[in-house]
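The exercises below are meant to be worked with the coordinates open beside the text. Each one sets a task and is followed by a solution that proceeds step by step.

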2 protein chains.
Amino acid sequence: MKTMTRGELAKECGVNIEALRYYEKRRLIDPPMRSEIGYRLYSNEDAARIRFIRNAQKLGFTLNEILELLKLRIKKNESCEPVLEKAQKKLNEVEQKIKGLKSMKKVLKKMIHRCEESTLTSDCPILGSFESGREL
Amino acid sequence: MKTMTRGELAKECGVNIEALRYYEKRRLIDPPMRSEIGYRLYSNEDAARIRFIRNAQKLGFTLNEILELLKLRIKKNESCEPVLEKAQKKLNEVEQKIKGLKSMKKVLKKMIHRCEESTLTSDCPILGSFESGREL
DNA sequence: CTTGACCCTGTACTATGGTACAGGGTGTAA
DNA sequence: TTACACCCTGTACCATAGTACAGGGTCAAG
């Protein structure tokens, strides 16, 4: 199995090298293997995890929430129930977020549309459409 | 026009009273009118703004980004161009976020589905589907 | 055989987004 | 008229999520 050092992984995932140590401390990634002289050796799975973390953060999840997401898996001979429940809850959250973003998208599109239609010298009739909040 | 005090607005929007002062300092809301004895008097538009801010935060926008969103409007006799450009950029961001959330939703749904299908004593075949990150 | 580019640990500092007083004013209700 | 619930300002503190050293080890190239 191919392994990476901390610097390599940081580069590959576009994160600061110190963030990797921080994620380890926060238990978002397992303590990686170590080389003979004590260097961390990361796997491709670690890289996938880091990318997952960054993606989820951009979508508005906190590190604690991401930890919960990452723990959502079933071990052999254990009941699915608790995982199912959490997955259901997360699914709801995700659907709410999508809904919110879709409203935002709609308003932005309307705005762009109106901008493009009006001539540059006339005023755009958008004032008040966004901050009214009624559409979110 | 009906006005609200700080406490009333905070209650209505479900935010801490001090957050309102903070948003004012960060220029996310305009300095509100004051009563004779110096109390802040907020309008319904202020309330809408506060709700917008909270919504946008849940969707992963920072206060600076939200400020940009809120500034996206066209004043009379000004060119649409710069606003159009920013709106376009924001639209892209929003669409990316939706895409990411949809992937997450797909994985969660698959998980829930598999959980529901399997009997409680058998193992769920999910191990590794999520943290691989390939689906995001 | 030392210089440079990595890595290690521990600890301190930072930015963002609040939250919590302290010390003081106002206005109504008992 | 005083007690209480509000409001004001300023400033200090807090959690989260990093980021940046300091002080030290390893190893390959010049």
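Helices and strands are taken here as DSSP runs, at least four residues long for a helix and at least two for a strand, and they are numbered from the N terminus. The model is a predicted one.

**Exercise 1. Describe the make-up of chain A, and state what share of its residues is buried.**

Step 1. Counting the elements gives 5 helices and 2 strands in chain A, and along the sequence they follow the pattern α-α-β-β-α-α-α.

Step 2. Of the 136 residues of chain A, 27% count as buried.

Step 3. Turning to contacts with a separation of 6 or more, 47% of those in chain A are between residues 24 or more positions apart. A pair of residues from distant parts of the sequence can be examined directly: Glu8(A) and Tyr42(A) are 34 residues apart in sequence, and their C-alpha atoms are 9.1 Å apart in space.

**Exercise 2. Determine which residues of H3(A) are buried, and how they are arranged around the helix axis.**

Step 1. Helix H3 of chain A spans residues 44-58, and its 15 residues reach 21 Å from the first C-alpha to the last, close to the 21 Å expected at 1.5 Å a residue.

Step 2. The buried residues of H3(A) are Asp46(A), Arg49(A), Ile50(A), Phe52(A), Ile53(A) and Ala56(A). Because these residues cover an arc of only 160° around the axis, they lie on the same side of H3(A).

Step 3. The spacing along the sequence can be read against a general rule. An α-helix has 3.6 residues a turn, so residues three or four places apart point the same way.

Step 4. The cover over the buried residues of H3(A) includes H1, H2 and H4 of chain A. After H3(A) comes Gly60(A), with a positive phi near 90°.

**Exercise 3. Find where Arg27 lies in each chain, and decide whether it is buried or exposed.**

Step 1. In chain A, Arg27(A) lies in the loop between H2 and strand E1 (33-34), and in chain B, Arg27(B) lies in the loop between H2 and strand E1 (33-34).

Step 2. The backbone angles come next. Most residues other than glycine have a negative phi. Arg27(A), however, has a positive phi near 70°, and Arg27(B) has a positive phi of about 65°.

Step 3. For the exposure, a residue counts as exposed if 12 or fewer other C-beta atoms lie within 10 Å of its own. Arg27(A) has 12 such neighbours and is therefore exposed, and Arg27(B), also with 12 other C-beta atoms within 10 Å, is likewise exposed.

Step 4. A contact of Arg27(A) leads to helix H4 of chain A, where Leu67(A) is found. Leaving out residues up to four places away in sequence, Leu67(A) touches Arg27(A) and Leu28(A). With 15 C-beta neighbours inside 10 Å, Leu67(A) counts as partly exposed.

**Exercise 4. Identify the elements that contribute to the largest nonpolar core, and then examine the surroundings of Cys13(B).**

Step 1. The largest nonpolar core has 49 residues, of which Ala56(A), Leu108(A), Met111(A), Ala56(B), Leu108(B) and Met111(B) touch the most other members.

Step 2. Two or more residues come from each of H1, H3, H4 and H5 of chain A, and from each of H1, H3, H4 and H5 of chain B. H5(B) gives the most, with 11 residues.

Step 3. Cys13(B) lies in helix H1 of chain B and is buried, since 20 other C-beta atoms lie within 10 Å. Apart from neighbours within four places in sequence, Cys13(B) is in contact with Ala47(B), Ile50(B), Arg51(B) and Arg54(B).

**Exercise 5. List the residues that come nearest to each DNA strand, and name the elements that supply the surface.**

Step 1. Around DNA strand D there are 17 residues, and Asn16(A), Thr62(A), Leu63(A), Gly7(B) and Arg40(B) come nearest. The elements giving two or more residues to this surface are H2 and H4 of chain A together with H1 of chain B.

Step 2. Around DNA strand C there are 17 residues, with Thr5(A), Gly7(A), Asn16(B), Thr62(B) and Leu63(B) nearest. Here the elements giving two or more residues are H1 of chain A together with H2 and H4 of chain B.

Step 3. By residue class, the surface near DNA strand D divides into 6 nonpolar, 7 polar and 4 charged residues, and the surface near DNA strand C into 6 nonpolar, 7 polar and 4 charged.

Definitions and conventions. Residues are numbered from 1 along each chain as its sequence is written. Chains are lettered from A and ligands numbered from 1 in the order in which they are written. This is a predicted model: local features need pLDDT of at least 70, side-chain atom pairs count only at pLDDT 80 or more; totals for chains, interfaces and linings use all residues. A residue is near a molecule or strand if its C-beta atom, placed from the backbone, lies within 6 Å of it. Ala, Val, Leu, Ile, Met, Phe, Trp, Tyr, Cys and Pro count as nonpolar, Asp, Glu, Lys and Arg as charged, and the others, Gly among them, as polar. The expected span of a helix is 1.5 Å times one less than its number of residues. The arc is that of the directions from the helix axis to the C-beta atoms. Two residues are in contact if their C-beta atoms, placed from the backbone, lie within 7 Å. A nonpolar core is a set of buried Ala, Val, Leu, Ile, Met, Phe, Trp, Tyr and Cys residues joined through C-beta atoms within 7 Å.
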